[in-house]
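Q: Please take a close look at one part of this structure, a single strand and its surroundings, and set it in the context of the whole chain.

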Amino acid sequence: MASSDSENSDNSESSIELGFVQRLEIGQQWRLHRCYFPSKIGGKPAWLNPKDIPKTDDLKCSLCGKAMALLLQIYAPNDDNSDTFHRTIYVFCCKSESCYEHNSNIPFRVLRCQLSKDNEFYDRNPPDYESPEYFKSCKNFIEVCRVCGFAGNKTCSRCHKASYCCKEHQTLHWKFHKVTCGSDSHDSTAGVDDGFFAGDLMFPEYEIVMETEESNSCDVLSQDELPEANGQFSPSELEQFANVNLVGQEFSSFRKITATSPDQVLRYDKAGSPLWCSGDNKLSSDKVPKCSCGADRYFEFQVMPQLLNYLNVQNTIDGPSIDWGILAVFTCSADCQSAGQSYHLEYLHKQDFEQIQS
Ligand SMILES: [Zn+2]
Ligand SMILES: [Zn+2]
Ligand SMILES: [Zn+2]
Ligand SMILES: [Zn+2]
């Protein structure tokens with residue numbers, strides 16, 4: 001891992017993992033509890049380190065000042081390093097459309113958290129992934145806000161069980177909580193979600209499942225033959241609503257490579273290189289900001305535009321909207337740990353589709 005010899009690897013097998021959205025069935029919410037080490041979209045963060053969690057102030061949008069929402073989190077352990085036996089990357093973003101600009105990464109933030117095999121939070125043995133009861137054996141460390149999932153140091157004055165980060169979130173939750181307040185059926189010791197969902201504050205929640213990309217040896221589809229999957233943006237739809245021509249060599253190969261799995265929302269290719277969607281605003285590896293520890297950062301994964309279809313975001317032609325071509329995430333090649341800090345800032349580069357007004 002820390003050695004950076006992987007860039008010129010002549011390994012001919014594709015090692016790219018693709019992420020797909022998996023809708024949770026009712027009653028399956030437990031699958032996204034942190035003790036199962038989930039990869040997921042939206043909802044509250046499932047904090048890998050449940051004790052030293054980021055403050056809401058650390059995740060405020062620097063443009064509008066509002067708290068950012070979890071876009072997704074990816075469980076990506078690195079077996080080469082004993083410090084990264086468990087490892088999760090979190091991508092947060094602002095929910096205000098007005099903070100989004102072409103090719104601007106300002107409303108995004110990426111955090112990395114990792115743990116060694118011996119840690120105070122999880123057993124050395126893997127969890128029972130199929131057991132809906134397993135999470136109950138998982139100890140809670142600090143109370144999190146029942147609305148947003150960040151540290152909650154205020155509790156309901158009646159039951160003293162429900163925690164909140166602020167008065168606003170308590171008020172928001174009251175209609176829901178008053179039914180169980182006092183007779184709390186909610187098992188707060190395990191920190192399981194009580195099912196309350198604040199749609200204005202967070203994105204809908206889904207599981208992410210990963211599959212290895214099939215090698216792309218099939219005949220190249222012509223533009224007319226590209227699949228237009230249900231509910232997805234096909235390239236022609238993208239062109240229509242953005243009123244742009246999508247052109248260029250990068251876009252053509254983007255289209256070609258993603259055509260075999262048009263539903264992919266994530267491409268994981270650690271130490272590989274991003275699949276650019278445009279010739280504009282590519283980031284060369286020497287321009288990727290180094291980690292605060294001094295080590296180079298390398299590419300780890302990219303979020304694809306298909307994810308937008310699952311986020312309940314408005315897409316408008318006029319004015320800003322929450323969207324992107326790709327979001328490329330770069331992480332510290334040394335997976336550094338600094339004392340007293342459990343969540344490390346990493347780097348995200350946003351590349352939008354090239355817009356040539358027709
Ligand atoms: Zn904002
Ligand atoms: Zn809160
Ligand atoms: Zn209460
Ligand atoms: Zn570092």
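The answer below starts with the chain, turns to strand E13 and its partners, and ends with the core and a helix.

A: This is a predicted model, in which local features need pLDDT of at least 70 and side-chain atom pairs count only at pLDDT 80 or more, while totals for chains, interfaces and linings use all residues. Residues are numbered from 1 along each chain as its sequence is written, and chains are lettered from A and ligands numbered from 1 in the order in which they are written.

The secondary structure amounts to three helices and 14 strands; helices (H or I, at least four residues) and strands (E, at least two) are DSSP runs, numbered from the N terminus. Of the 358 residues in the chain, 35% are buried. Here a residue is buried if 20 or more other C-beta atoms lie within 10 Å of its own, exposed if 12 or fewer, and partly exposed in between, with C-beta atoms placed from the backbone. Among contacts with a separation of 6 or more, 72% are between residues 24 or more positions apart; two residues are in contact if their C-beta atoms, placed from the backbone, lie within 7 Å.

Strand E13 belongs to a closed barrel of ten strands with antiparallel pairing, in the order E1-E8-E2-E3-E4-E5-E13-E12-E11-E10. Two strands pair if DSSP finds at least two bridges between them. E13 covers residues 344–351 and is joined by five bridges to E12, residues 326–332, which runs antiparallel to it. Across this pairing, Phe 330 is opposite Tyr 347 and Val 329 is opposite Leu 348. E13 also has three bridges to E5, residues 108–115, again antiparallel, and there Val 110 is opposite Glu 346. E13 is largely enclosed by the rest of the structure, because six of its eight residues are buried.

The loop between E12 and E13 holds Tyr 343. Tyr 343 is buried, since 21 other C-beta atoms lie within 10 Å. Not counting residues up to four places away in sequence, Tyr 343 touches Pro 54, Leu 111 and Cys 113. Trp 47 is 296 residues from Tyr 343 along the chain, yet their C-alpha atoms are separated by 9.7 Å.

Elsewhere in the barrel, E8 (residues 206–212) pairs with E1 (residues 17–22) in the antiparallel sense over six bridges, with Val 21 opposite Ile 208. E8 also pairs with E2 (residues 40–41), antiparallel over two bridges, and Ile 41 stands opposite Tyr 206.

The largest nonpolar core has 64 residues, and Val 91, Phe 92 and Val 303 have the most contacts inside it. A nonpolar core is a set of buried Ala, Val, Leu, Ile, Met, Phe, Trp, Tyr and Cys residues joined through C-beta atoms within 7 Å. This core takes at least three residues from each of domain 1 (15–140 + 189–357) and domain 2 (141–188), with bounds from an automatic or database domain assignment. Beyond its neighbours within four places in sequence, Phe 92 is in contact with Leu 59, Met 68, Ala 69, Leu 70, Leu 71, Phe 108 and Arg 109. A second, separate core of five residues includes Cys 35, Tyr 36, Tyr 122 and Cys 138.

In helix H3 (residues 249–259), the buried residues are Phe 251, Phe 254 and Thr 258. They lie on the same side of H3 because they cover an arc of only 55° around the axis, taken from the directions from the helix axis to the C-beta atoms.
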